[in-house]
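Please examine the sequence and the three-dimensional model shown below. The account that follows leads from the fold of a single chain to the pairing of the copies and then to the nucleic acid.

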There are 2 protein chains.
Amino acid sequence: MADSNPHFMNGVPELLILQVLREREMYGYELVEEIHRRSGTVISIGEGVVYPVLHGLERSGALASRRVKVNGRSRVYYALTPQGAARLEGLSDSWSRLSDAIRLVMTGAAHA
Amino acid sequence: MADSNPHFMNGVPELLILQVLREREMYGYELVEEIHRRSGTVISIGEGVVYPVLHGLERSGALASRRVKVNGRSRVYYALTPQGAARLEGLSDSWSRLSDAIRLVMTGAAHA
DNA sequence: GTATTATGCCTTGAACTTCGAGGTATAAGG
DNA sequence: CCTTATACCTCGAAGTTCAAGGCATAATAC
């Protein structure tokens, strides 16, 4: 009964993928499980989201990939490039700013 | 130089609109400014977003509207219904769960 | 007197994401 | 054999946000 994450997911997959890849290189299938696990099973990215994001990030130079054969199965490992690190920093900042701003509105801040 | 809010806005307008309307009834134009102000000018919803959301929420029974004439100008005030309050609660919870989960991933949580 | 700004409502099309389902293939286990 | 787990991928539907623009009244500026 894994509920999907509705409503607030825009841009989140890209942010989390970059963050996790900053720590070590991983392949798509692994990312899905790692993010699910580390989020306390709250976030389920799904392969239909991971692979397009991965390809887009590689195309834009944020990630570099290498194919590896493991037990006859083929894996594509992705690693952060310097551009990817910069992109992560930007996304991370804009996420922080947004979630802070939302907290302000939700707690009924008096004025700016 | 009003920057737009990119990447992480999915579902946020609806959440904030419901939250602000829980405190008092308001009209569309006013909501845009109130949210912008209370967010510390970080969030700019835009009329092209506010009106469709307002109409959708009314159609689904979360809001009730009434027209008011003020100085010859016509305003449409929106107020939260009980259904709207329930919807707000649900959205607010799912926002909290998501932002907590993201924080877990971003801070490199050990495991579930 | 007329032009511009501020108020206030609204719609439209493009662009982007996520989602869900499905397709391919190898390896292991019952 | 047949199902499950691993691992890659694509596609179409659905839903949002965004930018731009249109309409109308009132107040201010020139």
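The paragraphs below treat the chain, the symmetry, the largest pocket and the surface near the DNA in turn.

The model is a predicted one. Chain A contains 4 helices and 3 strands, and these succeed one another along the sequence in the pattern α-β-α-α-β-β-α. Taken along the principal axes, the C-alpha atoms of chain A occupy a box of roughly 60 × 40 × 20 Å.

A single residue may serve as a point of orientation within this fold. A:Val32 belongs to helix α2 of chain A. Beyond its neighbours within four places in sequence, A:Val32 makes contact with A:Gly46, A:Glu47 and A:Val50. A:Ser99 is 67 residues away from A:Val32 along the chain, and the C-alpha atoms of the two are 24 Å apart.

How are the two chains arranged? A turn of 180°, with a shift of 0.0 Å along the axis, lays chain A on chain B with an RMSD of 0.0 Å. The two copies are therefore related as by a two-fold rotation axis. Within chain A, the C-alpha nearest this axis belongs to A:Asn10, at 2.6 Å from it. Both copies use the same surface, since 100% of the contact residues of chain A recur in chain B.

The next feature is the largest pocket. Rolling a probe the size of a water molecule over the atoms shows where empty space is left. The largest pocket holds about 210 Å³ of space. Its lining consists of A:Tyr27, A:Gly28, A:Tyr29, A:Tyr51, A:His55, A:Arg73, A:Ser74, A:Arg75, A:Val76 and A:Tyr78. Two or more residues of this lining come from each of α2 (28–38), α3 (47–59) and β3 (73–80) of chain A. Of these, β3(A) gives the most, with 5 residues. By class, the lining of the largest pocket comprises 5 nonpolar, 3 polar and 2 charged residues.

Attention now turns to DNA strand C. This strand is surrounded by 26 residues, the closest being A:Pro13, B:Tyr27, B:Tyr29, B:Tyr51 and B:Arg75. Of the atoms of DNA strand C that come within 4 Å of the protein, 70% belong to sugar and phosphate.

Which atoms of the protein approach the phosphate oxygens of DNA strand C? From chain A, a backbone N or O atom of A:Gly11 lies 3.2 Å from a phosphate oxygen of the strand. From chain B, an N or O atom in the side chain of B:Arg75 is 2.4 Å from a phosphate oxygen of DNA strand C, while a polar backbone atom of B:Val76 is 3.0 Å from a phosphate oxygen of that strand.

Elements of both chains contribute to the surface near DNA strand C: those that give two or more residues are α1 (12–23) and α3 of chain A, together with α2 (28–38), α3 (47–59) and β3 (73–80) of chain B. The most is given by α3(B), with 5 residues. Sorted by class, the surface near DNA strand C has 11 nonpolar, 11 polar and 4 charged residues.

Note on methods
Residues numbered from 1 in each chain as written. Chains lettered and ligands numbered in written order. Predicted model: local features only at pLDDT ≥ 70, side-chain atom pairs only at ≥ 80, totals over all residues. Heavy atoms only, no water. Least-squares fit on C-alpha atoms with pLDDT ≥ 70 in both. Contact = heavy atoms within 4.5 Å. 1 Å grid on protein atoms, 1.4 Å probe; cavity = no way out; pocket = protein on both sides within 12 Å on 5 of 7 lines; lining within 4 Å. Points joined across faces, edges and corners; volume = space filled by probe spheres on them. Nonpolar A, V, L, I, M, F, W, Y, C, P; charged D, E, K, R; others polar. Near = heavy atom within 4 Å. Polar contact = N/O pair within 3.5 Å; in protein donor to acceptor, adjacent residues only side chain to side chain.
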